[in-house]
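Student: I have a fold in front of me and a list of terms. Can we go through how each term is earned?

Tutor: Yes, let us take them in turn.

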Amino acid sequence: MTTSLTWTRRRHAVSRFWSSYRTHRAGLFGLGALAVIALVALAAPLLVGSDVQSVTQAPGSALESPSARFPLGTDQFGRSLLGLLVWGARISLTVGLLAAALSVAIGTLVGIVAGHYGGWFSTLLMRVTDWFLVMPTLVLAIVLATVMSRSVWTVILAIGVTSWPTTARLVRAQTIAVESRPYIERARALGGGHGHVMSRHVLPNVMPLVLAQTTLGISTAILTEATLAFLGLGDPTVVSWGGMLQDAREAGAVSSGHWWYLAPPGIAVALVALAFTLCGRAIESVLNPRLGVAR
C-alpha cells in the first residue's frame, strides 16, 4: 500500500513537472535538439558504419569541398566529415554526460557532508572547495590530462574532479536550509542518525537542484572536452568533435580557407552546449519559479 502510494505521488510529480516544463518554448527546443542528436549518436553504426574512422579505407581524396557525395566535404585523409561528425557525437556526448555526473556526484557529497556536520570539518571542506573554485578549471584539467595517459577516461576524470566546487557550494547552502526545518529535528529525536538524515531527508530535497546543475554542467563538460581535444590532450584513437577541430588545425584548414573542415564540429559543439543550457534553465525555472527564467 505504501509503495503504491509512493509511486502514485511520483507519477503525479512527474506529470506536474512536464506540464510546467512544456510551457517553456526554449526548453522544448533544447530538449528536441538533444533528442535528435542522441538518436543520431546511438544509430551511428547503422547510419555511417564503424569503418568511417578508417584512414586506409577512406572513400574520397584529401580536403574535398562539399558535394553530393560528401555533403560536408572530406578531411585530410579523405574521410567523410559528415560520417565523422555523426560518429564523434557518441564520444562527445558520452564524455559530457559522464564527466558532468562525476562532477555533480562529488559536489553533492561534499556539499551535503559540509552542510550537515558543520564546525571545523565543514570549514576544512569549504577551504578545499574554495581552492578548487579560484583555480581555473581548464588549467587544472590540462594538468591532469597531461600527467595521465591519453584516453577518454582520463578526459572524463580530469573534467569531473576539477568542476565540482560550484555544485558543492550550492548544495551546502541548500542542505543548511533543509536541516533548519522542524521535521529534521523530529527525525533526530526519533533516533535518526547522520546517515539517515542525509540520505532520507536532505538528499531528496536537494535533488531538484542537483538535476538542474547536472543539465547545466553537461554543456560545460562538452566544451571542456572539445578544448582539451583541440589542444591535443584527448584520446587520439577516437573521433570526437574537439578532435576534429584539432585535426583541422593541424591540416592548416584555417590558413588554407577550408571552412567546411572547421564549421561542422564547431557548430555541433555550440548547438549541443546551447541545447543543454536551454534545458537546464527551463528545469531551474520549473523547480524554482522565483528565478523568473524567461520562456
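**Reading the helix contacts**

Tutor: Start with a pair of helices: α6 passes α10 in a right-handed crossing. Keep in mind that this is a predicted model.

Student: Why are α6 and α10 called oblique to each other?

Tutor: Their axes cross at roughly 50°. Roughly parallel needs an angle under 35 degrees, and roughly perpendicular starts at 65. The value fits neither range, so α6 and α10 are oblique to each other. The axes come within 11 Å.

Student: Which residues make that contact?

Tutor: Helix α6 (residues 137-147) gives Leu 138, Ala 141 and Ile 142. From α10 come Thr 224, Thr 227 and Leu 228.

Student: What makes the class count of the contact of α6 with α10 come out as it does?

Tutor: Leu, Ala and Ile count as nonpolar, and Thr falls among the others, which are polar. The contact therefore divides into four nonpolar, two polar and no charged residues.

Student: Now α10 and α11. How do you know how they are oriented to each other?

Tutor: Helix α10 (residues 194-230) and helix α11 (residues 241-250) pack at an angle of about 30°. The cut-off for roughly parallel is under 35 degrees. So α10 and α11 are roughly parallel to each other. Their axes are 7 Å apart, and α10 passes α11 in a right-handed crossing.

Student: Which residues of α10 and α11 make the contact?

Tutor: On α10, Glu 225, Ala 226, Ala 229 and Phe 230. On α11, Gly 242, Gly 243, Leu 245, Gln 246 and Arg 249.

Student: What makes three of the residues in the contact of α10 with α11 polar?

Tutor: Gly counts as polar here. Gly 242, Gly 243 and Gln 246 are part of the contact, so the contact has three polar residues. Alongside these are four nonpolar and two charged residues.

Student: And α11 with α13: parallel or antiparallel?

Tutor: The axes of α11 and helix α13 (residues 259-287) cross at roughly 150°. Over 145 degrees counts as roughly antiparallel. So α11 and α13 are roughly antiparallel to each other. Their axes come within 9 Å. The crossing of α11 over α13 is left-handed.

Student: Which residues make the contact of α11 with α13?

Tutor: Trp 241, Met 244, Leu 245, Asp 247 and Ala 248 come from α11. Helix α13 gives Tyr 261, Leu 262, Pro 265, Gly 266, Ala 268, Val 269 and Val 272. By class there are ten nonpolar, one polar and one charged residues.

**Loop residues**

Student: Why is Val 161 called partly exposed?

Tutor: Buried means under 20% relative accessible area, and exposed means over 50%. Val 161 has 23%, so it counts as partly exposed. Val 161 is in the loop between α7 (152-160) and α8 (165-179).

Student: What does Val 161 touch beyond its sequence neighbours?

Tutor: Leu 102, Ile 106, Phe 132 and Leu 144. Val 161 and Val 104 are 57 residues apart in sequence, and their C-alpha atoms are 9.6 Å apart.

Student: Is Ala 43 buried or partly exposed?

Tutor: Its relative accessible area is 21%. Buried requires under 20%. Ala 43 is therefore partly exposed. Ala 43 lies in the loop between α2 and α3. Its C-alpha is 38 Å from that of Arg 169, 126 residues apart along the chain.

Student: What makes Leu 63 worth a look at its phi?

Tutor: Phi of Leu 63 is near 55°, a positive value in a residue other than glycine. Leu 63 sits in the loop between α3 (44-47) and α4 (81-117). At 21% relative accessibility, Leu 63 counts as partly exposed.

**The whole chain**

Student: How many helices and strands are there?

Tutor: The protein has 13 helices and zero strands. Of its 295 residues, 42% count as buried. The C-alpha trace spans about 75 × 45 × 35 Å along its principal axes.

Student: Where is confidence lowest and where is it highest?

Tutor: Among the elements, helix α1 (residues 2-21) is lowest, at a mean of 77. Helix α2 (residues 25-42) is highest, at 92. The protein averages a pLDDT of 85, and 96% of the residues score at least 70. Over residues 291-295 the pLDDT is below 50.

Key:
Residues are numbered from 1 along each chain as its sequence is written. This is a predicted model: local features need pLDDT of at least 70, side-chain atom pairs count only at pLDDT 80 or more; totals for chains, interfaces and linings use all residues. Side-chain values use heavy atoms; hydrogens and water are left out. Axes are lines fitted to C-alpha atoms, for helices over the stretch in contact, and angles run from 0 to 180 degrees between N-to-C directions. Helices (H or I, at least four residues) and strands (E, at least two) are DSSP runs, numbered from the N terminus. Angles under 35 degrees count as roughly parallel, over 145 as roughly antiparallel, 65 to 115 as roughly perpendicular and the rest as oblique. A crossing is left-handed if the near helix is turned anticlockwise from the far one by less than a right angle, and right-handed if clockwise. Contact means heavy atoms within 4.5 Å. pLDDT is the predictor's confidence in each residue, from 0 to 100. Buried means under 20% relative accessible area, exposed over 50%, partly exposed in between (1.4 Å probe, protein chains only). Lists of a residue's contacts leave out its neighbours within four places in sequence.
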